[in-house]
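Got your viewer ready? Load the model, switch on a cartoon, and keep the selection box handy.

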Amino acid sequence: MDHSLASTFPDANRQFPPARTGPRDPGDAWVEGDRGKFWGRFGAAGVLAYDPSKGVLLQHRALWSHNGGTWGLPGGALHQHEDPVTGALREAYEEAAVPADGVDVLFTSVLDVGYWTYTTVVVLVISPFDPVISDPESLELQWVPVEELDRKELHPGFAQSWPHLQPRLLHHTRRSQ
């Protein structure tokens, strides 16, 4: 099965975002403060999906996106009044067809800069699935073995959090087996 963006969204390699055709959610906006500029007026969240037989599901980010060309987690801006787990699962389904009913939430990890938060929702895949690119935000989706993650050019935020997430992930998956 071809999971590359070129087969689904031929214009994804562009340096600029595709034109929006529908209404935007009020959460789709930048926030700025003394620690930087972040996407998601109400915060953001992403899913770290782990399948012990395949590894971690990574998204190769479209070039026009923030930190485009790097590898990160499917996720995005939270909607107003949306809790982070629901938002992360919604975004992961929208971007990679991660089925909410095919994963178990192991734990969450929150980066809080005071005026913005990012929640990583770590899930264990309980029903194997093939990820599917369903919007132009991805160049590619790929299962990457845990021991090979550091060989990818990771999104800076994910690269910073991975050393803290990895031992917790392995601890929780050993406990659940």
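Here is a tour, stop by stop, with something to select at each one.

**Before you start**

This is a predicted model, in which local features need pLDDT of at least 70 and side-chain atom pairs count only at pLDDT 80 or more, while totals for chains, interfaces and linings use all residues. Residues are numbered from 1 along each chain as its sequence is written, and side-chain values use heavy atoms, with hydrogens and water left out. Element names such as β1 or α2 come from DSSP runs numbered from the N terminus: helices are H or I runs of at least four residues, and strands are E runs of at least two.

**Stop 1: the β1–β2 hairpin**

Select residues 30-33 and then 36-39. These are β1 and β2, paired in the antiparallel sense over 4 bridges; two strands pair if DSSP finds at least two bridges between them. Together β1 and β2 make a hairpin with 2 residues between them. Now show the side chain of Trp30: which residue is its bridge partner in β2? That is Trp39.

**Stop 2: Asp51**

Move on to β3 (residues 44-51), where you'll find Asp51. Asp51 is buried, yet has no salt bridge. Two cut-offs are at work here: buried means under 20% relative accessible area, exposed means over 50%, and partly exposed lies in between (1.4 Å probe, protein chains only). A salt bridge is a side-chain nitrogen of Lys or Arg within 4 Å of a carboxyl oxygen of Asp or Glu. The nearest side chain of opposite charge to Asp51 is Lys54, 4.3 Å away. For charge, Lys and Arg count as positive and Asp and Glu as negative, with His and the chain ends not counted.

What does the Asp51 side chain join up with in a polar contact of 2.7 Å? Show Ser53, whose side chain is the partner. A polar contact is a pair of N or O atoms within 3.5 Å; within protein, one must be able to donate a hydrogen and the other to accept it, and residues adjacent in sequence count only if both atoms are side-chain atoms. Add Val125, Pro128 and Trp143 to the view too: Asp51 touches them, leaving aside residues up to four places away in sequence. Contact here means heavy atoms within 4.5 Å.

**Stop 3: two positive phi values**

Most residues other than glycine have a negative phi. Select Asn67, in the loop between β4 (55-61) and β5 (71-72), and you'll see a phi near 60°. Asn67 is partly exposed, at 28% relative accessible area. Then jump to His81, in the loop between β6 (75-77) and α2 (84-96). Its phi is near 70°. Is His81 buried or exposed? Exposed, with a relative accessible area of 78%.

**Stop 4: Asp83, the cap**

Stay in that loop between β6 and α2 and pick Asp83. Asp83 caps the N-terminal end of α2, with a side-chain oxygen 3.1 Å from the backbone nitrogen of Val85. Its side chain also makes a polar contact with that of Thr86, at 2.6 Å. Asp83 is partly exposed, at 40% relative accessible area. For a longer-range view, add Phe42: Asp83 and Phe42 are 41 residues apart in sequence, but 9.8 Å apart in space, C-alpha to C-alpha.

**Stop 5: along α2**

Now select the helix itself. α2 has 13 residues and reaches 17 Å from its first C-alpha to its last, close to the 18 Å expected, the expected span being 1.5 Å times one less than the number of residues. Its buried residues include Gly87, Leu89 and Ala92. Show β3, β4, β6, β7 (103-112), β8 (117-125) and β9 (138-144), which are among what covers those buried residues. Just after α2, Ala97 takes a positive phi of about 60°.

**Stop 6: salt bridges**

How many salt bridges does a search of the whole structure find? It finds 4. Start with Glu82 and Arg90, whose closest N and O atoms are 2.8 Å apart. Glu82 is buried at 16% relative accessibility, and Arg90 is buried at 17%. Arg90 also bridges to Glu91, at 3.1 Å between the closest N and O atoms.

Finish with Glu148 and Arg151, which meet in a salt bridge at 4.0 Å, N to O. Glu148 is partly exposed at 31%, whereas Arg151 is exposed at 64%. Back at the earlier group, salt bridges that share partners join Glu82, Arg90, Glu91 and Glu94 into one network.
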